[in-house]
Amino acid sequence: MTNTISIKLLNCLARGVQSLGDEARQRVTAFVESQLSADGGFCDKSGRQDIYYTSFGMLLALVLGIKLDTMRMDDYLQQIDVYNLDLVHYAAYKRCRMLNRLAKSKVGFAVKALQREPIRELTSFVAYPNNDMLSPYSQFIIYSLLEDTNNPTSQVALSSYRTADGYTNTPNGQAASTNATAAALMIKGQSEGYDNTEAMLLRNMQHECGGFKAEPTTPMPDLLSTATALFTLSCYNVTPQHSASEFIEAHWLDNGGFAATILDSESDVEYTFYGLLALGAL
């Protein structure tokens, strides 16, 4: 079976869960369960059901052993107006469909979960990240979408987004970003093989505190950038320059969830996903 990005994410999350003690795992599980909506999906920061957050919640539920009401989830997914979704939310919707099949399945992941599904024309979405469907992040979302729906993937041209020290989401941009570099490296790894030469570009972006900044000029590292960078490096079997354990721990809140930065006091399923992903990538 193809080792898709979604499968790599699940495996990394599972390692993150395995690194927790019993009490810590119970706290994280209780928080994720508290984010479930009565209608089947997961909630955003404001407490409203949201397909983007549901994709993170479902990944967490599967690795934490949280029992999902798959029939209710089917009902929720059927109510979504997929033709008015942007690329990111459409990809989240398709990933949720795949994960819900997995939640129903006892055996046969490749047959029951990764079945072929038709998708919308890739040029038909109402919006794309950075208003550019060719940027590394947009192409990463598209590549994951094609994998999740068992559609053929193809080579991706990223040369115009390459800088001296990484990748940017702006054509011919000057300063590399963690997000764009991680996205580009994941695409290259999945499509061309995980040659760790270019992964050193991402490794060099790590701050001495253990975290990664979104951009060189960003005031402080954040959990999203750190988790995506650590996950990408782990896929390349590249060890980070600095230990990230204390950085990740500093973003873990008393309610069991994780915060975006050390200045935030709220958590949600998205950043709890990033917290466990970062732990699993150590």
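**Cysteines, pockets and helix H10**

Me: What makes the sulfur of Cys 12 too far for a bond?
Reply: Its closest cysteine sulfur, in Cys 235, is 7.1 Å away. A disulfide is a pair of cysteine sulfur atoms within 2.5 Å. The Cys 12 sulfur is therefore too far from that partner for a bond.

This is a predicted model: local features need pLDDT of at least 70, side-chain atom pairs count only at pLDDT 80 or more, and totals for chains, interfaces and linings use all residues. Residues are numbered from 1 along each chain as its sequence is written, and side-chain values use heavy atoms, with hydrogens and water left out.

Me: How do you know that the sulfur of Cys 96 is too far for a bond?
Reply: The closest cysteine sulfur, in Cys 43, lies 13 Å away. That is too far for a bond. The structure as a whole holds zero disulfides.

Me: Why does Cys 12 count as buried?
Reply: Buried means under 20% relative accessible area, exposed over 50%, and partly exposed in between (1.4 Å probe, protein chains only). Cys 12 has 0% relative accessibility, so it counts as buried. Cys 96, at 0%, counts as buried too.

Me: Why is H10 called mostly covered?
Reply: Of its 13 residues, 10 are buried. Among them are Leu 223, Phe 231 and Cys 235. The cover includes helix H1 (5-18), H8 and H12. Helices here are DSSP runs (H or I, at least four residues), numbered from the N terminus.

Me: How do you know that the reach of H10 is close to what is expected?
Reply: The expected span is 1.5 Å times one less than the number of residues. For the 13 residues of H10, that is 18 Å. From first C-alpha to last, H10 reaches 18 Å.

Me: What makes a set of grid points a pocket?
Reply: On a 1 Å grid over the protein atoms alone, a pocket is an open set with protein on both sides within 12 Å along at least five of seven lines. Lining residues have an atom within 4 Å of a point. The largest pocket has a volume (the space filled by probe spheres set on the points) of about 520 Å³. Its lining has 25 residues, with Arg 95, Tyr 137, Phe 140, Ile 141 and Tyr 274 nearest the centre. H10 (223-235) is one of the helices that each supply at least two lining residues.

Me: How do the lining residues of the largest pocket divide?
Reply: There are 17 nonpolar, six polar and two charged. Asp, Glu, Lys and Arg count as charged; Ala, Val, Leu, Ile, Met, Phe, Trp, Tyr, Cys and Pro count as nonpolar; the others, Gly among them, are polar.

Methods: On a 1 Å grid over the protein atoms alone, a cavity is a set of points where a 1.4 Å probe fits but cannot get out, and a pocket is an open set with protein on both sides within 12 Å along at least five of seven lines; lining residues have an atom within 4 Å of a point. Contact means heavy atoms within 4.5 Å.
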